[in-house]
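Dear colleague,

Please find below the structure that I am handing over to you, followed by a summary of what was found in it. I should be grateful if you would read the summary with the coordinates open.

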Amino acid sequence: MEATKRKPHRNWPGYQTERKHGGTYAVVVDGREAWLDTTEGRWQVICSEHGAILSATSLREARVWMRAGTTEWCDCCRGTCTDVLYGASCISCGRA
Ligand SMILES: [Zn+2]
Ligand SMILES: [Zn+2]
């Protein structure tokens with residue numbers, strides 16, 4: 001599969017679908033095909049900008065989180081990633 005303008009992450013292993021949210025994408029992949037940790041669920045929703053991963057037990061659930069937007073489960077998109085860093089800057093988004 002070729003990466004396209006509308007679906008730039010189509011070449012990711014296990015790719016299912018994706019949706020744009022502002023400057024980032026919520027990408028749904030099959031965790032088994034992508035060799036990701038599937039202990040919390042087979043289907044993974046990934047923030048393409050920050051690499052945050054949310055696990056879902058069904059593809060349907062994964063799609064719900066994809067549509068809900070990255071601010072629902074990505075700390076960097078939500079702006080809360082530095083709350084636990086105690087002064088260090090975030091390695092994922094660079095926020096200090
Ligand atoms: Zn961050
Ligand atoms: Zn994010």
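Is tryptophan 35 buried or exposed? In this predicted model, tryptophan 35 is classed as exposed because 9 other C-beta atoms lie within 10 Å, and the limit for that class is 12 or fewer. Tryptophan 35 sits in the loop between β2 and β3. Its phi is positive, at about 60 degrees, even though the residue is not a glycine. Most residues other than glycine have a negative phi.

The hairpin of β3 and β4 follows. These two strands run antiparallel and are joined by four bridges; isoleucine 46 has isoleucine 53 of β4 as its bridge partner. Five residues lie between the strands, and in this hairpin glycine 51 adopts a positive phi near 80 degrees.

In a regular strand the side chains alternate between the two faces of the sheet. Such alternation is found along β4: Leu54 and Ala56 are buried and point to one face, whereas Ile53 and Ser55 point to the other and are not buried.

As to the interior, the largest nonpolar core has 17 residues, of which Val28, Val45, Cys47 and Ala62 touch the most other members. Two or more residues of this core come from each of β2 (24-30), β3 (43-47), β4 (53-56), α1 (59-68) and α2 (75-78). Beyond its neighbours within four places in sequence, valine 28 is in contact with Gln16, Thr17, Glu18, Trp43, Val45, Ala62, Arg63 and Met66.

With kind regards

Conventions: Residues are numbered from 1 along each chain as its sequence is written. Chains are lettered from A and ligands numbered from 1 in the order in which they are written. This is a predicted model: local features need pLDDT of at least 70, side-chain atom pairs count only at pLDDT 80 or more; totals for chains, interfaces and linings use all residues. A nonpolar core is a set of buried Ala, Val, Leu, Ile, Met, Phe, Trp, Tyr and Cys residues joined through C-beta atoms within 7 Å. A residue is buried if 20 or more other C-beta atoms lie within 10 Å of its own, exposed if 12 or fewer, and partly exposed in between; C-beta atoms are placed from the backbone. Two residues are in contact if their C-beta atoms, placed from the backbone, lie within 7 Å. Two strands pair if DSSP finds at least two bridges between them.
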